[in-house]
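Please open the model in your viewer in a cartoon representation, and keep the sequence beside it. The stops below take a pair of helices, then a sheet, and then the place where the two topics meet.

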Amino acid sequence: MASDQSNNQSVERAISVLRAFLTGRPELRVSDVAKATGLGTSTASRLLATLETLEFVERDPISGLYRLGTAPITLGGVALNQNPVHREARQVAQELAASLGLGVNVAVRQGDSLFYLLNFEGRLAPRPFVLTGQRKPLYATGIGKCLLLALSGEERRALLPEETMQPFTAHTITTHARLDEELAAVLSRGYAKEIEELAFGRACVAAPIRDRSGAVVAAISISGPLSAIDLAARESELASTVIETADSVSIGLGYVGPVSAFAVSAS
């Protein structure tokens with residue numbers, strides 16, 4: 001039993017070292033890892049050395065700083081390829097981003113956050129970083145609003161206490177009364193939209209993806225800079241497109257319900 005506990009603790013410490021690289025800094029000193037994990041410097045150094053031999057981290061020979069290695073990329077690729085939503089959505093999302101020139105993103109809910117399974121950026125919506133694997137708040141995104149449709153009002157309040165609903169801009173929804181109104185509108189029209197709620201200068205439209213049981217298991221969005229997405233003129237067009245794309249992925253997942261039942265107003 002003592003041996004099992006020791007092994008479990010070693011695994012937990014190793015994982016905590018890897019998670020230290022998720023804080024936004026791509027390269028860390030041993031002391032940075034020790035501080036982030038609460039481990040002693042010698043323990044952090046020993047774990048980093050072991051993880052380096054396994055290719056989970058790599059050490060810059062000049063600066064001596066550590067960064068994530070290639071092994072996490074391999075594991076991430078395998079995990080994505082095994083995910084049914086990713087398999088069904090990847091090709092259509094890539095083609096849609098190319099045809100529209102905008103960003104196309106697919107995400108699932110993990111706890112109180114959304115988790116990006118994939119993202120493609122068109123020529124009009126370039127990003128200097130990859131969204132895949134990142135987490136964002138449910139209440140401040142179009143995709144998140146779609147994912148919240150899977151929960152009842154009571155479940156949403158338990159998952160997202162209002163004190164945790166912090167504003168990112170002046171447009172961010174921070175109360176459940178307002179969120180309830182927004183989700184009712186999403187249900188009515190069949191798609192969600194978000195304009196500068198998470199970041200200034202960006203907007204999106206999103207639609208839910210359902211599995212064979214009809215449950216909302218993921219969502220897809222079309223996003224981009226305000227000037228490129230031009231929702232004032234293109235909301236109806238883009239909403240129809242994102243709904244049709246979500247329906248296509250849902251069918252691939254076995255959904256046989258009322259596909260495209262949500263009409264988009266032409267006004």
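In this predicted model, begin by selecting helix α4 (residues 71-82) together with helix α5 (residues 84-100), whose axes come within 5 Å and cross at roughly 85 degrees. Because angles of 65 to 115 degrees count as roughly perpendicular, α4 and α5 are described as roughly perpendicular to each other. Now show the side chains where the two helices touch: α4 contributes L80, N81 and Q82, while α5 contributes P84, H86 and R87. Coloured by character, the residues of this contact of α4 with α5 divide into two nonpolar, three polar and one charged.

Next, turn to the sheet, and select its six strands in the order β5-β4-β3-β8-β7-β6, which form an open sheet with antiparallel pairing. At the edges you will find β5 (135-137) and β6 (192-195), each of which has a single partner strand, so that one side of each is left without a neighbour in the sheet. Looking across the strands, you can follow a turn of 30 degrees on average between neighbours in this sheet, with direction ignored.

Within the sheet, select strand β3 (residues 103-110) and strand β8 (residues 216-225), which pair in the antiparallel sense over five bridges. Which residue of β8 is the bridge partner of V106? Selecting I220 in β8 shows that partner.

Finally, bring α5 back into view with the sheet: the helix lies across β3, β4 (113-120) and β8, and runs at about 55 degrees to β4.

Key
Residues are numbered from 1 along each chain as its sequence is written. This is a predicted model: local features need pLDDT of at least 70, side-chain atom pairs count only at pLDDT 80 or more; totals for chains, interfaces and linings use all residues. Side-chain values use heavy atoms; hydrogens and water are left out. Axes are lines fitted to C-alpha atoms, for helices over the stretch in contact, and angles run from 0 to 180 degrees between N-to-C directions. Helices (H or I, at least four residues) and strands (E, at least two) are DSSP runs, numbered from the N terminus. Angles under 35 degrees count as roughly parallel, over 145 as roughly antiparallel, 65 to 115 as roughly perpendicular and the rest as oblique. Contact means heavy atoms within 4.5 Å. Ala, Val, Leu, Ile, Met, Phe, Trp, Tyr, Cys and Pro count as nonpolar, Asp, Glu, Lys and Arg as charged, and the others, Gly among them, as polar. Two strands pair if DSSP finds at least two bridges between them.
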